[in-house]
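Here is a friendly walk through one chain, from its helices to its ligand shell and its less usual backbone angles. Take a look at the structure first, and then read on.

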Amino acid sequence: MEIKDIIMQRRTIRLFEQKPVPETEIRNMLDCARTSSCASNLQQLRFIVIQDLELVKEVFQHTAWANLVKPRRTPEWGVTAPQCFIAVIVDTNANPTIHADAGAAIQSMQIMAWSKGIGCCWLGSVKRDKLKIILELPQNKQVLYLLAVGYPAESPISEDISIDQPVYYYLDDENRLHVPKINLDDLTRWR
Ligand SMILES: Cc1cc2nc3c(=O)[nH]c(=O)nc-3n(C[C@H](O)[C@H](O)[C@H](O)COP(=O)(O)O)c2cc1C
């Protein structure tokens, strides 16, 4: 697949098949994360791969999914839940640019995964205080984001919209997730 197709066709996945993601695929994703752009090349992100199912279950309990279409894109443990999480760990006093570093790394992981038929959900609505305990983080570290990873059990699609249309994602009558994206010309000025 062309790189543009991989990037444009990737959609957030929130319902997963119940089969494990091979370690080689996770390692490929992490290789892409660690070589992504970051401010001053400081490389301050750390990663925890959570694949032990007992631990995945514990972490899963402290996540929130697709608020706009709740509860139909909230995965169910043992039925549609992710098989793995990658936790992005940062210093509690990190510079705000760490969010940009994390964004670059997470997008790289998502693209790598998608190219192999693997879906992800970038999770910012997580209970960081609980995760800190579960993952036994030292006082000066915290989970910035989680990335849920697994084989997709849904097929969301994007649709181009104009800048004055609603951007809210929604489910159609067949329970398919639609993700509106503002078209290029409405977003861009060329000078
Ligand atoms: C910073 C950030 C935080 C997010 N947090 C959540 C979250 O907590 N739960 C969730 O279901 N999706 C979360 N998402 C996924 C977005 O809802 C999703 O990217 C958006 O709806 C666009 O869909 P797309 O990724 O398919 O383009 C997050 C995305 C970003 C970039």
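## Helix α2: two sides

In α2, the buried residues are Ile26, Met29, Cys32 and Ala33; buried here means that 20 or more other C-beta atoms, placed from the backbone, lie within 10 Å of a residue's own, while 12 or fewer make it exposed and anything in between makes it partly exposed. Because these residues cover an arc of only 120° around the axis, they sit on the same side of α2; the arc is that of the directions from the helix axis to the C-beta atoms. Glu23, Thr24 and Arg27, on the other side of α2, are exposed.

The cover over the buried residues of α2 includes β1 (46-50), β2 (84-91) and α4 (98-115). Helix α2 itself runs over residues 23-34, and its 12 residues reach 16 Å from first C-alpha to last, close to the 16 Å expected at 1.5 Å a residue. The expected span is 1.5 Å times one less than the number of residues.

A word on the model: it is a predicted one, in which local features need pLDDT of at least 70 and side-chain atom pairs count only at pLDDT 80 or more, while totals for chains, interfaces and linings use all residues. Residues are numbered from 1 along each chain as its sequence is written.

## The whole chain

There are 6 helices and 7 strands in the chain, in the order α-α-β-α-β-α-β-α-β-β-β-β-α along the sequence. These are DSSP runs numbered from the N terminus, with helices being H or I of at least four residues and strands E of at least two.

Buried residues account for 26% of the 191 residues. Of the contacts between residues at least 6 apart in sequence, 72% join residues at least 24 apart; a contact means that two C-beta atoms, placed from the backbone, lie within 7 Å.

## Helix α4

With 18 residues, α4 should span 26 Å at 1.5 Å a residue, and its end C-alpha atoms are indeed 26 Å apart. Its buried residues include Asp101, Ala105, Met109 and Trp114. The partners that the buried residues of α4 pack against are α1 (3-9), α2, β2, β3 (119-123) and β4 (141-150). Just after α4, Gly117 has a positive phi of about 80°.

## Around the ligand

The ligand is surrounded by 14 residues, the closest being Arg11, Thr12, Trp65, Gly124 and Ser125; a residue is near if its C-beta atom, placed from the backbone, lies within 6 Å. β3 gives the most to this shell, with 3 residues.

Trp65 is also in contact with Thr74, as is Ala66, once neighbours of Thr74 within four places in sequence are left aside. Thr74 lies in the loop between α3 (53-60) and β2, and is partly exposed, with 16 other C-beta atoms within 10 Å.

## Backbone points to check

Most residues other than glycine have a negative phi, and most peptide bonds are trans. Where does this chain depart from that pattern? The bond from Lys70 to Pro71 is cis, with omega near 0°, and Pro71 is in the loop between α3 and β2.

Glu136 has a positive phi, near 55°, in the loop between α5 (128-134) and β4. Asn175 has a positive phi as well, near 65°, in the loop between β6 (170-171) and β7 (177-182). Glu136 is exposed, with 8 other C-beta atoms within 10 Å, and Asn175 counts as exposed with 11 C-beta neighbours inside 10 Å.
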